[in-house]
Amino acid sequence: MTKQHPAWSPYDNNGGTCVAIAGADYCVTAADTRMSTGYSILSRDYSKIIKLADKCVMASSGFQADVKALQKLLAARHLIYQHQHNKQMSCPAMGQLLSNTLYYKRFFPYYSFNVLGGLDNEGKGCVYTYDAVGSYERVGYSSQGSGSTLIMPFLDNQLKSPSPLLLPAQDAVTPLSEAEAVDLVKTCFASATERDIYTGDKLEIVVLNKDGIHREYMELRKD
Amino acid sequence: MKLDTSGLESTSPFFGSGDELCPELLAAPSFALPLSTDFDEFQKDTKATLKHAKGTTTLAFIFKEGVMVAADSRASMGGYISSQSVKKIIEINPYMLGTMAGGAADCQFWHRNLGIKCRLHELANKRRISVTGASKLLANILYSYRGMGLSVGTMIAGWDETGPGLYYVDSEGGRLKGTRFSVGSGSPYAYGVLDSGLTCLLKKLRSWLEELFIMQHSEMQPVVVLQAFIMWDQMDGRSCLVMMLESFTTIIIQSRPVRWSKKWLKSQGHN
């Protein structure tokens, strides 16, 4: 008897790429704004980045319906936390919460590839990178999504940070300045857009530093 | 299908009491299951689509002074290396270590959960849990999820009142007590070195331990073991972390990038 493949799948891939880079006192999170399905474009202006807390921003690519559900859940949990503890959640705390939230759907996963960017309790930039079921790690930079295989080697080359496992413990954050990091991100996306059909249209860059959150946009190729 | 959700119970006290405004949100978390007719097929499909992070070599052995644990640090998703710096040795608590092999998320989550259970045991019984007990707790939870597609191959290494302890626990529900184990895609290579060279390793380790605090000059045998088989297995690499458990404390011995040994390079004709 031949294997029957289901005609309907609960998942879809809406494409897109996200990047986050941690600096000494800032964090840059960026994502393109194209939402696609198969070979069609659904929207040229869909934001994949959400502010979860004052010091924490999440960018997600993958299946945007699952991303939307995940964002709603995290926002609700953050609100409960604020009521119970009378303060905002820190980025490491949000990192653990996201990991657990993803793992609770271990047998019916959120098809969402996330990067969390923000400032830790000391004010240093931190980036957490996730797989679809919640395995996570604090890193100096990361990219997820359809263009990540194109961007990651470039970031490895430019930002190679010492492994967090080395002794003595060395800083994973990049010594680049904020403006240089933003420039690097723009370069990454400009190149990824050339070779990845799911990345393009517009780039949304969110910079988190001690002065707060600052957003900027850059046009990318629309084809 | 009834799942053992005792592993998730510990979070329920954090939720508000009796407020029914948003019952789904405040209910104790449980694993949502897909409503498909063929569960296994669905799990296989998700695994193929999502390509969870895995691929590993870890090893641990008991020797005179304690337990030595070593692991590489690469995580792969399909053929793509998703990370070169994964911490595969997880501190369950200050006197117990767990290694990660198989699904990264599965190992991270269940080790953290085991840490919670061990702490609750300590508070309830006013004494630390034994390695036997901790490994049994983990094995029982994993057994209840047997067949659901979890991928966990872990070693619980610890120090309790009976001395050093080492157990191998996997997601099929297997649990073995032993003195040396290696788990992961690179384990066959590790076993080769571990099984043949162990007596001379132990001798070298003893003399090395005498110079414990002159770390930069020591040639770490477990590091050599790991490096030897990292060269043969594509799935691991980058750096290896070696931790040692010695009478209730954990010491990080060595953590350095994998590099080709000069002698081996010369034997291959490079200079």
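Tutor: Buried means under 20% relative accessible area. Keep that cut-off in hand as we go through this predicted model.

Student: Okay, let's try it on a helix. Which residues of helix 2 of chain A are buried?

Tutor: A:Cys91 is one, then A:Met94, A:Gly95, A:Gln96, A:Leu97, A:Leu98, A:Ser99, A:Asn100, A:Thr101, A:Leu102 and A:Tyr103. That's 11 of 13 residues, so helix 2 of chain A counts as mostly covered.

Student: And how do I check the length of that helix? What should its 13 residues span?

Tutor: Go by the rise, 1.5 Å a residue: helix 2 (residues 91-103) of chain A should span 18 Å. Its end C-alpha atoms are 18 Å apart, which agrees.

Student: Now strands. How many residues of strand 7 of chain A are buried?

Tutor: Eight of its eight, over residues 112-119. Look at the two faces: A:Ser112, A:Asn114, A:Leu116 and A:Gly118 point one way, while A:Phe113, A:Val115, A:Gly117 and A:Leu119 point the other way, and all are buried.

Student: What holds neighbouring strands together?

Tutor: The general idea is that strands of a sheet pair through backbone hydrogen bonds, either parallel or antiparallel. Here, strand 7 of chain A pairs with strand 6 (residues 56-62) in the antiparallel sense, over seven bridges. One spot to find is A:Gly62, whose bridge partner is A:Ser112. Strand 7 of chain A is also joined to strand 8 (residues 125-130) by five bridges, again antiparallel, and there A:Leu116 stands opposite A:Tyr128.

Student: Which residue takes a positive phi in the hairpin of strand 7 and strand 8 of chain A?

Tutor: A:Gly123, with phi near 90 degrees; the hairpin has five residues between the strands.

Student: How do I read a whole sheet? Which strands stand at the edges of the open one with the order 10-1-2-11-12 in chain A?

Tutor: Start with the order: five strands, paired antiparallel. Strand 10 (141-145) and strand 12 (212-219) of chain A each have a single partner strand, so one side of each is left without a neighbour in the sheet. The twist averages 15 degrees from one strand to the next. At the strand 10 end, five bridges join it to strand 1 (residues 17-22) of chain A, running antiparallel, with A:Thr17 partnered by A:Gly145. Helix 3 (residues 148-159) of chain A packs on this sheet and touches strand 1 and strand 10, its direction making about 170 degrees with that of strand 10.

Student: What is the strand order of the open sheet in chain B?

Tutor: It's 5-6-7-8-9, five strands with antiparallel pairing. Strand 5 (89-93) and strand 9 (175-177) of chain B are at the edges, each with a single partner strand, so one side of each lacks a neighbour in the sheet. On average, neighbouring strands are turned by 25 degrees against each other, direction ignored. Strand 6 (residues 96-99) and strand 7 (residues 153-160) of chain B pair over three bridges, antiparallel, and B:Met96 stands opposite B:Gly158.

Student: Which helices pack on that sheet?

Tutor: Helix 3 of chain B touches strand 5, strand 6 and strand 7, at about 20 degrees to the direction of strand 5. Helix 4 (residues 131-144) of chain B touches strand 6, strand 7, strand 8 (163-170) and strand 9, at about 5 degrees to the direction of strand 8.

Student: One residue to finish: is B:Gln108 buried or exposed?

Tutor: Buried, because its relative accessibility is 18% and the cut-off is under 20%. B:Gln108 sits in helix 3 (residues 104-125) of chain B. Leaving out residues up to four places away in sequence, B:Gln108 touches A:Gly134, A:Ser135, A:Tyr136, B:Ile90 and B:Met100.

Technical notes
Residues are numbered from 1 along each chain as its sequence is written. Chains are lettered from A and ligands numbered from 1 in the order in which they are written. This is a predicted model: local features need pLDDT of at least 70, side-chain atom pairs count only at pLDDT 80 or more; totals for chains, interfaces and linings use all residues. Side-chain values use heavy atoms; hydrogens and water are left out. Helices (H or I, at least four residues) and strands (E, at least two) are DSSP runs, numbered from the N terminus. Buried means under 20% relative accessible area, exposed over 50%, partly exposed in between (1.4 Å probe, protein chains only). Contact means heavy atoms within 4.5 Å. The expected span of a helix is 1.5 Å times one less than its number of residues. Two strands pair if DSSP finds at least two bridges between them. Axes are lines fitted to C-alpha atoms, for helices over the stretch in contact, and angles run from 0 to 180 degrees between N-to-C directions.
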